[in-house]
Amino acid sequence: MASNSPWTPEENERFEDALAMYSENTSNRFHKIARAVGTKTVEEVRRHYEILVKDIIKIETDQIPLPKYRVITSNGRAYGNEQRQPMRNAKLQ
């Protein structure tokens, strides 16, 4: 089961679902999360969690700049909810 390979989107989704299911107070939390992911070891899950926590801290302390979005609209018009429409068509530069 040990892989040391990059995390796939599917593994990340299972990891995030398991994080939501098993709170910090859950005994053997990382064992249960690793079992839910199915393809990563307990240590890989723990490392992935530590990286996530560090990233969240950086985001919350403004150490990571927000991405710059370029708004693309059809014929220069916004449709429906004008505040939501630009985000629907936003693309990272």
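Reader: How does the span of α3 compare with what its 19 residues should give?
Author: In this predicted model, the end C-alpha atoms of α3 are 27 Å apart, which agrees with the 27 Å expected at 1.5 Å a residue. The expected span is 1.5 Å times one less than the number of residues, and helices are DSSP runs of H or I, at least four residues, numbered from the N terminus.

Reader: Which residues of α3 are buried?
Author: E44, V45, H48 and Y49, buried being under 20% relative accessible area with a 1.4 Å probe, protein chains only. They sit on the same side of α3, because their arc around the axis is only 135°, taken from the directions from the axis to the C-beta atoms.

Reader: And what do they pack against?
Author: α1 and α2, with contact meaning heavy atoms within 4.5 Å.

Reader: OK, α2 and α3: at what angle do the axes cross?
Author: Roughly 105°, and the axes come within 8 Å. Axes are lines fitted to C-alpha atoms over the stretch in contact, with angles from 0 to 180 degrees between N-to-C directions. So α2 is roughly perpendicular to α3, the word used for 65 to 115 degrees.

Reader: Which residues make that contact?
Author: R29, F30, H31, I33 and A34 of α2 meet V42, V45, R46 and Y49 of α3.

Reader: Switching topic, what does D62 do just after α3?
Author: D62 takes a positive phi of about 55°.

Reader: Any numbering or confidence caveats?
Author: Residues are numbered from 1 along each chain as its sequence is written. Local features need pLDDT of at least 70, side-chain atom pairs count only at pLDDT 80 or more, totals for chains, interfaces and linings use all residues, and side-chain values use heavy atoms, leaving out hydrogens and water.

Definitions and conventions: Helices (H or I, at least four residues) and strands (E, at least two) are DSSP runs, numbered from the N terminus. Buried means under 20% relative accessible area, exposed over 50%, partly exposed in between (1.4 Å probe, protein chains only). Angles under 35 degrees count as roughly parallel, over 145 as roughly antiparallel, 65 to 115 as roughly perpendicular and the rest as oblique.
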